[in-house]
Amino acid sequence: MPREDGRFDLYHSNGYAQLVVYPPQGGKPVYPEDVLNRMRILRIPRVPVARIQDIIDEAAGRPVRLVEWPAGAELSSSVVVSISDDAMKAFVSMRAPRKGGGIPSKEVITRRLADEGVVYGIDEAAVDDLLERRVFDTPVCVARGTAPVHGRPPAAEFSFETEVGRPFLVDESGRVDLRELNFIQQKHEGDVLVRFHPAVEAVDGKDVRGRPVEARAAGATTLVKPGRNAGYNEDETAIVALADGNAFVKSNAVHVEPVVVVDGVDYQTGNITFEGSVRIKRGVADGFTVRVGGCLEVGECVGRATLVVGRDLLLRGGMNGGNEGTVECSGSVYAKFLESASLSCSGNLLVTDAVMHSQVKVHGNLGLRGKHAELIGGSILVGGNLWCRKIGSVAETPTRLSVGVDPQLILEASRLYARAEALRDRIDDLDRIARHIEAQLKAGAETAPDTLTKVRLERGNNEDEVRGIEARLREVRASMKPPSGARVVVEEQIYPRVIISFGVEEYRSPAAGTGRTILKIVDNGIIDAGFNPEDPPDFETLIGTDDFQPSRSG
């Protein structure tokens with residue numbers, strides 16, 4: 001065992017000088033002169049040498065009170081108490097003592113906590129550990145409040161995806177991967193569709209000052225109910241499937257609908273009309289119609305066909321309609337591409353490649369996310385937001401878009417305007433006819449007397465109708481004010497001959513086109529906010545949101 005000399009500590013504690021002497025281990029002992037010299041340096045009042053010698057002889061290794069020393073407090077460690085903003089935690093930080101200073105006792109720390117109002121949740125073990133390890137200049141948590149248990153209403157846990165197509169899965173090239181979308185979620189008889197969790201009762205907590213922390217009460221909720229081909233289990237803790245089929249939620253009820261899977265639609269199958277969901281492995285031949293009340297998935301490219309879908313549509317191979325293919329969808333549409341097609345959907349439209357030379361009416365948002373993600377030609381009406389890489393083409397293909405306004409308003413305004421123009425043309429024709437009849441009458445020609453009366457009556461009726469149309473047009477235009485949240489995000493380029501309308505406001509691309517940008521409506525005007533690829537907006541928030549409400553017809 002190595003030889004060790006005796007040693008001593010001399011420090012201030014609770015207003016006194018404290019002396020601790022540790023015995024030697026085969027080495028030299030502590031001498032009174034060593035202690036007296038240290039006392040002189042620290043300006044500790046004198047103590048009889050015999051008193052010091054007695055403590056050295058005992059060498060008990062524990063503090064012995066020597067003499068009152070109030071001035072030593074300046075050398076000792078100080079205690080700082082801090083409390084978190086929510087008063088759920090209290091911290092103690094000890095300042096490191098100077099030479100000759102001591103550390104506070106547990107009683108001092110407890111008293112300082114009480115002085116700061118900390119009376120609840122004190123961790124005695126944490127205080128002991130702080131003193132034992134002598135942690136200085138670092139806040140240590142020594143008290144914790146009790147967090148409230150917030151109330152929670154009964155909750156429903158679904159065993160299937162209730163938002164079909166969400167979240168969007170993006171591959172390495174940035175394209176939304178249509179292979180990962182599965183609109184038809186097959187369930188079997190007896191499968192659990194929804195599991196219910198009981199409500200949690202609210203329990204108040206308490207902060208470190210002893211004050212109550214109020215828990216939020218459970219809010220009201222409406223749990224889903226069993227719908228078609230679904231029912232409760234025996235103890236009504238879950239909803240189970242009563243038949244095989246596709247599970248979905250509609251009108252706050254869980255349904256299971258039958259599913260039909262076919263290889264393709266052609267002369268062997270004929271047109272398909274089905275109340276449930278249909279999965280077509282291949283394609284739909286030209287001239288055929290598919291009508292489904294549920295979801296529809298088509299594996300290959302669709303051509304000159306008609307698709308009428310009650311909920312959501314997935315076109316894995318896209319659609320090249322040849323100016324004859326049409327889609328009417330009451331939900332959202334996900335497609336690889338659209339070309340020379342007519343499409344109307346009540347939800348969102350998500351395309352991975354391009355929308356070209358098509359007539360598109362989307363009540364929700366339109367998002368193009370892929371390698372090309374282009375909008376070229378045609379007429380695009382979008383009730384919500386728009387996101388793409390490019391609009392138009394190098395060939396300066398005329399491309400017209402309307403964003404942020406219910407397409408029904410745009411179409412109504414177009415019909416009203418066309419009708420008014422036709423009536424005005426007819427009024428001009430009637431004026432010419434009336435002048436001709438009047439000239440004939442003056443010349444003595446034989447003309448039926450009521451002919452001129454009929455012409456004038458028709459002209460008056462047409463004028464009345466024009467005035468009615470003009471009044472309705474004013475109402476429609478007043479409703480065509482897009483919300484301030486309407487956005488057009490273009491990641492790369494807007495080519496020349498592109499017109500983008502936000503209600504009655506228009507953006508026309510300059511002769512040289514424009515680069516990446518974000519167009520938005522502000523104070524009834526369109527501004528170019530610029531697109532920063534280092535900090536782009538969130539695609540799913542902008543395109544996948546269900547909160548965006550376009551201007552709608554009354």
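**Entry 1: a four-stranded sheet**

I began at Val194, which stands opposite Ile239 in E14. This is a predicted model, and I kept that in mind throughout. Val194 led me to the pair it belongs to: strand E9 (residues 192-197) and strand E14 (residues 238-241) run antiparallel and are joined by three bridges. I then looked up the sheet around them. It is an open one of four strands, in the order E7-E9-E14-E13, with antiparallel pairing. Strand E7 (155-158) and strand E13 (230-232) are at its edges; each has a single partner strand, so one side of each has no neighbour in the sheet. From one strand to the next, the twist averages 20°.

**Entry 2: a three-stranded sheet and its helices**

Next I turned to E4, E5 and E6. These three strands make an open sheet in the order E4-E5-E6, and the pairing is antiparallel. E4 and E6 are the edge strands, each pairing on one side only. I noted an average turn of 25° between neighbouring strands of this sheet, direction ignored. Between E5 and E6 I found four bridges, in the antiparallel sense. One residue I followed here was Lys89, whose bridge partner in E6 is Arg144.

Two helices pack on this sheet. H3 touches E4, E5 and E6, and its direction makes about 40° with that of E4. H4 touches E5 and E6, with its direction at about 165° to that of E6.

**Entry 3: the faces of H3**

Which residues of helix H3 (residues 106-115) are buried? I found Val108, Ile109 and Leu113. Looking down the axis of H3, I saw that these buried residues fall within an arc of 140°, so they line one face of the helix. Glu107 and Asp115, on the other side of H3, are exposed. I also checked what the buried residues of H3 pack against: strand E4 (79-83), strand E5 (89-94), helix H4 (124-133) and strand E6 (140-144). After H3 comes Gly117, which has a positive phi, near 90°.

**Entry 4: Met88**

I stopped at Met88, in the loop between E4 and E5. Is this loop residue buried or exposed? Its relative accessible area is 14%, so Met88 counts as buried. Leaving out residues up to four places away in sequence, Met88 touches a good list of partners, including Ala143, Arg144, Gly145, Thr146 and Ala147. Lys206, Asp207, Val208 and Val213 are also among the residues that Met88 touches. I looked at Thr146 in particular: Met88 and Thr146 are 58 residues apart in sequence, yet 7.3 Å apart in space, C-alpha to C-alpha.

**Entry 5: the faces of H1**

I asked the face question again for helix H1 (residues 32-42). Its buried residues are Pro32, Val35, Met39 and Leu42. Down the axis of H1, they fall within an arc of 95°, so they too line one face of the helix. On the other side of H1 I found Arg40 and Ile41 exposed. The buried residues of H1 pack against strand E1 (7-13), strand E2 (16-22), helix H2 (49-58) and strand E3 (64-68). Just after H1, Arg43 has a positive phi of about 60°.

**Entry 6: cysteines**

How many disulfides does the structure hold? I found zero. Why do Cys329 and Cys345 not form one? The closest cysteine sulfur to that of Cys329 is the one in Cys345, and at 6.1 Å it is too far for a bond. My cut-off was a pair of sulfur atoms within 2.5 Å. Looked at from the other end, the cysteine sulfur closest to that of Cys345 is in Cys329. Both residues are buried: Cys329 has 4% relative accessibility, and Cys345 has a relative accessible area of 1%.

**Entry 7: confidence**

Last, I looked up the confidence values. The average pLDDT of the chain is 88, and 93% of the residues score at least 70. Where among the elements is the mean pLDDT lowest, and where is it highest? The lowest is in helix H7 (residues 539-544), at 77, and the highest in strand E22 (residues 306-309), at 97. I made a separate note for residues 545-554, where the pLDDT is below 50. In the model, this stretch has 33 contacts beyond near neighbours in sequence.

Notes:
Residues are numbered from 1 along each chain as its sequence is written. This is a predicted model: local features need pLDDT of at least 70, side-chain atom pairs count only at pLDDT 80 or more; totals for chains, interfaces and linings use all residues. Side-chain values use heavy atoms; hydrogens and water are left out. Buried means under 20% relative accessible area, exposed over 50%, partly exposed in between (1.4 Å probe, protein chains only). The arc is that of the directions from the helix axis to the C-beta atoms. Contact means heavy atoms within 4.5 Å. Two strands pair if DSSP finds at least two bridges between them. Axes are lines fitted to C-alpha atoms, for helices over the stretch in contact, and angles run from 0 to 180 degrees between N-to-C directions. pLDDT is the predictor's confidence in each residue, from 0 to 100.
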